[in-house]
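This report describes how one protein chain is arranged. Please look over the sequence and the model before reading on.

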Amino acid sequence: AVRAGARPLRGVDVGVGASCIYPLLGHAALGWHFVGTDVDAAALEAARGNVARNGWEAAIELRHARARWSRAAGEGETA
């Protein structure tokens, strides 16, 4: 838990996924704030819904990340 007057810790979840489970648990259990990123827009939309259902939009920020690697480009090649 966060001490009175202390700034909450801020975590980063790279590849947050649709469930957004680590930011949700981290905020629920420890009061941490999070930035979560994912390359999948559909996963981020589902994660935003999970955050909104809990009313924690001020504590959990979700960002769409651009992939630098693409399956379409082939293994080991950049897009």
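In this predicted model, the buried residues of helix 1 (21-30) pack against four elements: strand 1 (10-14), strand 2, helix 2 (41-54) and strand 3 (60-64). The residues in question are Pro23, Leu24, Gly26 and His27. They lie on the same side of helix 1, because the arc they cover around the axis is only 165°. On the face turned away from that buried side, helix 1 carries the exposed residues Tyr22, Ala28 and Ala29. Just after helix 1 comes Gly31, which takes a positive phi of about 75°.

**The chain as a whole**

The chain holds two helices and three strands. Read from the N terminus, these elements follow the order β-α-β-α-β. The chain has 79 residues, and buried residues make up 29% of them. Its exposed area is about 5,500 Å², of which carbon and sulfur atoms supply 54%. Of the contacts between residues at least 6 apart in sequence, 55% join residues that are at least 24 apart.

How confident is the predictor? The mean pLDDT of the chain is 88, and 82% of the residues reach 70 or more. Among the elements, the lowest mean pLDDT belongs to strand 1, at 96, and the highest to strand 2, at 98.

**A patch on the surface**

Leu9, Leu30 and Trp32 form a nonpolar patch on the surface. Together these three residues have about 260 Å² of accessible area. Trp32 sits in the loop between helix 1 and strand 2 (33-38). Its relative accessibility is 31%, so Trp32 counts as partly exposed, given that this class lies between 20% and 50%.

**Two buried residues**

Cys20 is found in the loop between strand 1 and helix 1. Is Cys20 buried or exposed? With 0% relative accessibility, Cys20 counts as buried, because the cut-off for that class is under 20%. Leaving aside neighbours within four places in sequence, Cys20 is in contact with Ala47, Val51, Ile60 and Leu62. Cys20 is also 8.5 Å from Ala46, C-alpha to C-alpha, although 26 residues separate the two in sequence.

Thr37 belongs to strand 2. Its relative accessibility is 17%, and therefore Thr37 counts as buried too. Which residues does Thr37 contact, leaving aside its neighbours within four places in sequence? They are Asp13, Val14, Gly15, Val16, Arg63 and Ala65.

**A residue of helix 2**

Asn50 has its place in helix 2. Not counting residues up to four places away in sequence, Asn50 touches Ala18, Ser19 and Leu24. Leu24 is one of the buried residues of helix 1. The C-alpha atoms of Asn50 and Ile21 are separated by 9.0 Å, while the two residues are 29 apart along the chain.

**Salt bridges**

Side chains of opposite charge can pair when their charged atoms come close. How many salt bridges does the structure hold? There are two, and they are listed in the table.

| Salt bridge | Closest N to O distance |
|---|---|
| Glu61 and Arg10 | 3.3 Å |
| Arg63 and Glu61 | 2.7 Å |

Glu61 forms a salt bridge with Arg10, with 3.3 Å between the closest N and O atoms. This pair links distant parts of the chain, since Glu61 is in strand 3 and Arg10 in strand 1, 51 residues apart. The side chains of Arg63 and Glu61 meet in a salt bridge as well, at 2.7 Å from N to O. Through shared partners, the salt bridges join Arg10, Glu61 and Arg63 into one network.

Where do the residues of the Arg63 and Glu61 bridge stand in terms of exposure? Glu61 has 30% relative accessibility, so it counts as partly exposed. Arg63 has 44% relative accessibility, which means that Arg63 is partly exposed as well. Arg63 is also among the residues in contact with the buried Thr37.

How values were computed: Residues are numbered from 1 along each chain as its sequence is written. This is a predicted model: local features need pLDDT of at least 70, side-chain atom pairs count only at pLDDT 80 or more; totals for chains, interfaces and linings use all residues. Side-chain values use heavy atoms; hydrogens and water are left out. Patches are made of residues with over 30% relative accessible area and no salt bridge: like charges are joined within 9 Å, nonpolar side chains (Val, Leu, Ile, Met, Phe, Trp, Tyr) within 5 Å. Accessible areas come from the Shrake-Rupley method with a 1.4 Å probe; for residues, only the protein chains shown count as cover. A salt bridge is a side-chain nitrogen of Lys or Arg within 4 Å of a carboxyl oxygen of Asp or Glu. Buried means under 20% relative accessible area, exposed over 50%, partly exposed in between (1.4 Å probe, protein chains only). The arc is that of the directions from the helix axis to the C-beta atoms. Contact means heavy atoms within 4.5 Å. pLDDT is the predictor's confidence in each residue, from 0 to 100.
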